[in-house]
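These are my notebook entries on one protein model. I record what I looked up, entry by entry.

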Amino acid sequence: MMQEDLSKYRKSYEKWELLEANVPDNPIQLFQTWFYEVEENGGVDETNAMSVSTIGLDGFPKTRVVLLKKYTYEGFIFYTNYLSEKGKAMTQNPNVCLSFFWASMERQVIIKGVAEKLAENLSDGYFESRPLGSKLGAVVSPQSEVIPSRKFLEEELKKLEEIYTDEVPRPEYWGGFLVRPQSIEFWQGRPNRLHDRIRYTLTDDYDWKIERLAP
Ligand SMILES: Cc1cc2nc3c(=O)[nH]c(=O)nc-3n(C[C@H](O)[C@H](O)[C@H](O)COP(=O)(O)O)c2cc1C
């Protein structure tokens, strides 16, 4: 029988702290601070990579990584195929969870929110800014569908390359999702497993309530 005991993987988190006295009223400001602190402290590959969890049509949650492309006081934006597994899941149930783990900072951020399709002109603008190869890749891939082979994709791409050499219109099945946050939890690793957890929750009058959670 194969077994691998990982109990010796154990680390003390000692780098930073997260105290009520130092947090801003708005969680997006704290998100921005933490995002830039990753870069300022040596950076990591793909700081903007985040997990997106959805409730699928099959009733199971599913998590996968996407790239955060923009955030504002309104919320968090990423781009994908609207007919992909996640696209269909969010169309049926827009409640999602986004999360970041920045290991080098001993930090995790967990965002619960409601996803909506981004305004078409904003998706157009972002699509337009992508390199030609990425545009064609988005057009050609029936994301999350079963396909016969890699060759199938390559041949489809070749056909498209002959049609489009310059302007590629954004397909209607590809675009952004805006996730409007309802709660944002900031987790800072601390010694002895007494981690700091500060959760912001949106109130009925659009204020943010700040609470400390037990680690
Ligand atoms: C680092 C990284 C970044 C990714 N960025 C995106 C992205 O921005 N959009 C996207 O649709 N898929 C992205 N993917 C692929 C997704 O993880 C996933 O395979 C794909 O979206 C299909 O997911 P679904 O079948 O659950 O819908 C990324 C994967 C990795 C590992």
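**Entry 1. The loop residue R193**

Is R193 buried, partly exposed or exposed? I looked up its relative accessible area and found 39%, so R193 counts as partly exposed. I note at once that this is a predicted model. R193 belongs to the loop between strand 7 and strand 8, the latter being residues 196-202. I then looked up its backbone angle: phi of R193 is near 65 degrees, a positive value in a residue other than glycine. I recorded this angle because most residues other than glycine have a negative phi.

**Entry 2. A second positive phi**

I looked for another residue of this kind and came to E106. E106 is not a glycine, yet its phi is positive, at about 55 degrees. Its place is in the loop between strand 5 (95-102) and strand 6. Is E106 buried or exposed? Its relative accessibility is 3%, so I entered E106 as buried, the cut-off for that word being under 20%.

**Entry 3. The overall fold**

I next looked up the whole chain. The protein holds 5 helices and 9 strands. I wrote down their order along the sequence as α-β-β-β-β-α-β-β-α-α-α-β-β-β. The C-alpha trace spans about 60 × 55 × 40 Å along its principal axes. Of the 215 residues, 37% count as buried.

**Entry 4. The recorded domains**

I consulted the UniProt record, an unreviewed entry. It lists residues 44-161 as "Pyridoxamine 5'-phosphate oxidase N-terminal". In the model, this span is 33% helix and 35% strand, and its end C-alpha atoms are 34 Å apart. For residues 174-215 the record gives "Pyridoxine 5'-phosphate oxidase dimerisation C-terminal". How much of residues 174-215 is helix, and how much is strand? I found 0% helix and 64% strand. The end C-alpha atoms of residues 174-215 lie 39 Å apart.

**Entry 5. Aromatic rings**

I looked up the aromatic pairs, and the structure holds 19 of them. I chose F31 and Y71 for a closer reading. Their ring centres are 4.9 Å apart and their planes stand at 80 degrees, so the pair is edge-to-face; the cut-off for that term is an angle over 60 degrees. F31 lies in helix 1 (residues 27-40) and Y71 in strand 3 (residues 70-71), so the pair ties together parts that are 40 residues apart in sequence. I also checked the accessibility of F31: at 0%, this residue counts as buried. Which residues form one aromatic cluster with F31 and Y71? I listed F35, Y36, F76, F100 and W102 as the other members of that cluster.

**Entry 6. Charges over rings**

I then looked up charged side chains placed over aromatic rings. The charged end of R107 sits over the ring of W16, at 4.9 Å from the ring centre. K117 lies over the face of Y82, and the distance to the ring centre is 4.6 Å.

**Entry 7. The largest pocket**

What is the volume of the largest pocket? I entered about 340 Å³. The lining of the pocket comprises 14 residues, and those nearest its centre are R180, P181, L202, Y206 and W208. Strand 6 (107-117) and strand 7 (174-188) are the elements that give two or more residues to this lining. Strand 7 gives the most, with 3 residues. By class, I recorded 7 nonpolar, 3 polar and 4 charged residues in the lining.

**Entry 8. Sequence distance and space**

My last entry sets separation along the chain beside separation in space. V179 is found in strand 7, and its relative accessible area of 0% makes this residue buried. V179 and H195 are 16 residues apart along the chain, and their C-alpha atoms are separated by 27 Å. I then turned to G133, which lies in helix 4 (residues 132-140). Its relative accessible area is 54%, so G133 is exposed. How far apart in space are G133 and L157? From C-alpha to C-alpha I entered 9.4 Å, with their positions 24 residues apart in sequence.

Key. Residues are numbered from 1 along each chain as its sequence is written. This is a predicted model: local features need pLDDT of at least 70, side-chain atom pairs count only at pLDDT 80 or more; totals for chains, interfaces and linings use all residues. Side-chain values use heavy atoms; hydrogens and water are left out. UniProt positions are given in the numbering used here, feature names are shortened, and annotations may be inferred rather than shown by experiment. Helices (H or I, at least four residues) and strands (E, at least two) are DSSP runs, numbered from the N terminus. Rings of Phe, Tyr and Trp (its six-membered ring) pair if their centres lie within 6.5 Å; planes under 30 degrees apart count as stacked, over 60 as edge-to-face and the rest as tilted. Buried means under 20% relative accessible area, exposed over 50%, partly exposed in between (1.4 Å probe, protein chains only). A charge sits over a ring if NZ of Lys or CZ of Arg is within 6 Å of the ring centre and within 35 degrees of the ring normal. On a 1 Å grid over the protein atoms alone, a cavity is a set of points where a 1.4 Å probe fits but cannot get out, and a pocket is an open set with protein on both sides within 12 Å along at least five of seven lines; lining residues have an atom within 4 Å of a point. Grid points are joined across faces, edges and corners, and a volume is the space filled by probe spheres set on the points. Ala, Val, Leu, Ile, Met, Phe, Trp, Tyr, Cys and Pro count as nonpolar, Asp, Glu, Lys and Arg as charged, and the others, Gly among them, as polar.
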